[in-house]
Amino acid sequence: MSIKVLGTGYYVPPKTLTNDDLAQMVDTSDEWITQRVGVSVRHVSETETASDMAVKAALQAMEQAGVSAEDIDLIISASITPETLCPTVAGWVQKHIGASCPAFDVSSACSGFLFALDTAVSYIVRGKVKNVLVIGAERLSKIVDWTDRNTCVIFGDGAGAAVVTAGDNYLSSLIYTAGGDEVLKIPSHAGNSPFYKNEPDRPYIFMDGQETFKFAVSKIVKDIKEVTEEAGITLGQIDHVVTHQANIRIIDYASKRLGISKEKFFVNIDKYGNTSAASVPMALAELNASGRLKRGDIVALSAFGGGLSSAACIIKW
């Protein structure tokens, strides 16, 4: 026994920021961003928190799954941008959808949703719960340095969710961490302790783009090969690949190195940018909404990000 996906949902805030808009803020251009990153527009929150967006994505997933708040036995949310450390994003979701179940957050940056999904599988397999609401939600606009043209053009806000239950469709998975801050670092708020003597870093995203790119491509390729082998299938049997939407060139390189047609890779980075833990569930929900996903399709999910971390799994739809 493992799991199957009952329903998916996603939400992005209404305000959009185009590349031309960003060119008015920092020294960049639509051509540079499109060619180097693949983003044309991203959504940014003006009033909504990560929790607010998570609730809307969750309700959409629940409606598609045909479940009510009373049917949800566990809520796991992935986020690195909660508005409050306590309550958690999952705790806020539980309150606002009217559920009465355990709820907690996991934090593994852009890999967070797949870490949360793998955790949900463990609870279901142990027979502790039946239906789990798994969410990725981010308001990255609050931790982006909007004066840094190398990072501010990449990120966006949004949330994605899935309702999963007991089934036999989670064929294989892996999660990976290599702790360190040399490549990607996001300091937290330092506080105002009169005793702390270290000079605090600014609480914004710091990223070595070149090293992040190398890590991302190598991990997508290695991880998908590993979970495919574990699932007892070939790369050619994969119908859809849903990866973390970080950079269009990462997806292009991974497609070539895996020998999997680019047409099988779902891409929406052009519309939303990099939404960290929300990226994979948003892409999966949009793919599902497109009608391209058919029952029985083999779907490879893959993510990578800060930590450094990565995760992948094979799902039979």
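Where does Leu 308 lie? In this predicted model, Leu 308 sits in the loop between β12 (298–305) and β13 (309–316), and a cis peptide bond with omega of about -20 degrees joins Gly 307 to Leu 308.

**Backbone features**

A cis peptide bond also joins Cys 86 and Pro 87, with omega of about 5 degrees, and Pro 87 has its place in the loop between β4 and α4. Such details are worth pointing out because most residues other than glycine have a negative phi, and most peptide bonds are trans. Ala 109, which is not a glycine, has a positive phi near 50 degrees; Ala 109 is found in the loop between β5 (103–106) and α5 (112–125), where its relative accessible area of 11% makes Ala 109 buried. Ser 276 likewise has a positive phi, of about 50 degrees, although Ser 276 is not a glycine. The loop that holds Ser 276 runs between α8 (269–272) and α9 (279–289), and with a relative accessible area of 2% Ser 276 is buried.

**Salt bridges**

Side chains of opposite charge can pair when their charged atoms come close. A search of the whole structure finds 11 salt bridges, and the table gives some of them.

| Basic residue | Acidic residue | Closest N to O distance |
|---|---|---|
| Lys 56 | Glu 48 | 2.5 Å |
| Arg 139 | Glu 83 | 2.8 Å |
| Lys 185 | Asp 181 | 3.8 Å |

In the salt bridge between Glu 83 and Arg 139, the closest N and O atoms are 2.8 Å apart. Glu 83 lies in the loop between β4 (74–78) and α4 (89–97) while Arg 139 belongs to strand β6 (residues 132–139), so this pair ties together parts that are 56 residues apart in sequence. Glu 83 counts as partly exposed at 37% relative accessibility, whereas Arg 139 counts as buried at 17%. Glu 83 and Arg 139 are also linked with Lys 142 in a network of salt bridges.

In the pair formed by Lys 56 and Glu 48, Lys 56 is partly exposed, with a relative accessible area of 40%, while Glu 48 is buried, with a value of 9%. For the salt bridge between Lys 185 and Asp 181, the relative accessibility of Lys 185 is 28%, which counts as partly exposed, and Asp 181 is partly exposed too, with a relative accessible area of 42%.

**Packing of α3 and α4**

Two packed helices are described by the angle between their axes and the distance between the axes. Helix α3 (residues 50–65) packs against α4 at an angle of about 55 degrees, their axes being 9 Å apart, and that angle makes α3 oblique to α4. The crossing of these helices, α3 and α4, is right-handed. On the α3 side the contact is made by Ser 51, Ala 54, Val 55, Ala 58, Leu 59 and Met 62, and on the α4 side by Val 89, Trp 92, Val 93, His 96 and Ile 97.

**Cysteines**

A disulfide is a covalent bond between the sulfur atoms of two cysteines. Why does Cys 110 have no bond to Cys 313? A disulfide requires the two sulfur atoms to be within 2.5 Å, but the sulfur of Cys 110 is 16 Å from the closest cysteine sulfur, in Cys 313, and is therefore too far for a bond. For Cys 313 the closest cysteine sulfur is that of Cys 110, again 16 Å away and too far for a bond. Cys 110 is buried, with a relative accessible area of 10%, and Cys 313 is buried as well, with a value of 1%. The count for the model comes to 0 disulfides.

Key. Residues are numbered from 1 along each chain as its sequence is written. This is a predicted model: local features need pLDDT of at least 70, side-chain atom pairs count only at pLDDT 80 or more; totals for chains, interfaces and linings use all residues. Side-chain values use heavy atoms; hydrogens and water are left out. Buried means under 20% relative accessible area, exposed over 50%, partly exposed in between (1.4 Å probe, protein chains only). A salt bridge is a side-chain nitrogen of Lys or Arg within 4 Å of a carboxyl oxygen of Asp or Glu. Helices (H or I, at least four residues) and strands (E, at least two) are DSSP runs, numbered from the N terminus. Axes are lines fitted to C-alpha atoms, for helices over the stretch in contact, and angles run from 0 to 180 degrees between N-to-C directions. Angles under 35 degrees count as roughly parallel, over 145 as roughly antiparallel, 65 to 115 as roughly perpendicular and the rest as oblique. A crossing is left-handed if the near helix is turned anticlockwise from the far one by less than a right angle, and right-handed if clockwise. Contact means heavy atoms within 4.5 Å.
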